Amino acid sequence: MNELIRLVYASKAAFRAVPVTQGVEPSVARILMQSRRNNSQVNIGGVLYFGDGYFFQALEGDRKVVNQAYQRIAADPRHREVTILSLKTVPDRLFADWSMKYVPVEQAVRAFVRDRGYLRFEPLQFQEEEAEALIKLFHQQRSGEAPDIEKKSGWFGLRALLPRKFGGSAGR
Ligand SMILES: Cc1cc2nc3c(=O)[nH]c(=O)nc-3n(C[C@H](O)[C@H](O)[C@H](O)COP(=O)(O)O)c2cc1C
């Protein structure tokens, strides 16, 4: 039988991030696009956070497929010091609706690290329990984007066209 796992790692970006006031940093946006295209093809998913020059990512899915993806990701020259923080067998995927959720939640992360006695976001230092707690926090966050399930069903696109009385958002 297939075994479902969640692998959480952190790494340091090898590029200098372009400051953005809105939206996603361009190099991160490219990574996100690649991740979504590839992950949806092999039925894995997860969540990605980028802050203070560090990546923090969870990959969920079949053990073998996640391991293969991780090997490829870890060898990517766009980051270094790639460090596994947690690897667990799980009963369900937390991010089942996402090929790769992106969480632009700097305030929430700032509060999280402060509460745990860190001066800044230093995910390479995280204990397994801290990594898991941050993943749970990301699970609770709304992302501002449509999850794959809405994109697939066409509901998200349809909603924008439908008037409100039919459950849409047009005319707001
Ligand atoms: C921080 C980071 C996260 C990444 N996450 C994923 C991912 O979830 N899935 C994936 O396929 N590639 C991911 N990549 C990209 C891979 O390292 C690699 O470039 C890509 O899979 C190559 O695919 P392609 O040959 O289709 O372009 C990530 C790269 C970085 C630096």
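**Exercise 1.** In this predicted model, find which side chain has an N or O atom 2.6 Å from an oxygen atom of the ligand.

*Solution.* Step 1: the side chain is that of Arg 72, whose N or O atom is 2.6 Å from a ligand oxygen. Step 2: the cut-off for a polar contact is 3.5 Å between N or O atoms. Step 3: apply that cut-off to Asn 38, where a side-chain N or O atom is 3.0 Å from an oxygen atom of the ligand. Step 4: turn to Arg 78, which places a polar side-chain atom 3.0 Å from a ligand oxygen. Step 5: on its own the ligand has 620 Å² of accessible area, and the protein covers 82% of this.

**Exercise 2.** Describe the site: which pocket does the ligand take up, and which element gives the most to the shell around the ligand?

*Solution.* Step 1: the ligand takes the space of the second largest pocket. Step 2: two or more shell residues come from each of α1 (26–42), β3 (54–62) and α2 (63–74). Step 3: α1 gives the most, with six residues. Step 4: 16 residues surround the ligand, and the closest include Gln 34, Arg 37 and Asp 76. Step 5: by class, the shell has six nonpolar, six polar and four charged residues.

**Exercise 3.** State how many salt bridges the structure holds, and locate the partners of the one between Glu 3 and Arg 63.

*Solution.* Step 1: there are eleven salt bridges in the structure. Step 2: in one of them, the side chains of Glu 3 and Arg 63 meet at 2.8 Å, N to O. Step 3: Glu 3 belongs to the segment before β1 (4–13) and Arg 63 to helix α2, so the pair links parts of the chain 60 residues apart.

Notes:
Residues are numbered from 1 along each chain as its sequence is written. This is a predicted model: local features need pLDDT of at least 70, side-chain atom pairs count only at pLDDT 80 or more; totals for chains, interfaces and linings use all residues. Side-chain values use heavy atoms; hydrogens and water are left out. A residue is near a molecule or strand if one of its heavy atoms lies within 4 Å of it. A polar contact is a pair of N or O atoms within 3.5 Å; within protein, one must be able to donate a hydrogen and the other to accept it, and residues adjacent in sequence count only if both atoms are side-chain atoms. Accessible areas come from the Shrake-Rupley method with a 1.4 Å probe; for residues, only the protein chains shown count as cover. On a 1 Å grid over the protein atoms alone, a cavity is a set of points where a 1.4 Å probe fits but cannot get out, and a pocket is an open set with protein on both sides within 12 Å along at least five of seven lines; lining residues have an atom within 4 Å of a point. A molecule sits in a cavity or pocket if more than half of its atoms lie within 2 Å of its grid points. Helices (H or I, at least four residues) and strands (E, at least two) are DSSP runs, numbered from the N terminus. Ala, Val, Leu, Ile, Met, Phe, Trp, Tyr, Cys and Pro count as nonpolar, Asp, Glu, Lys and Arg as charged, and the others, Gly among them, as polar. A salt bridge is a side-chain nitrogen of Lys or Arg within 4 Å of a carboxyl oxygen of Asp or Glu.
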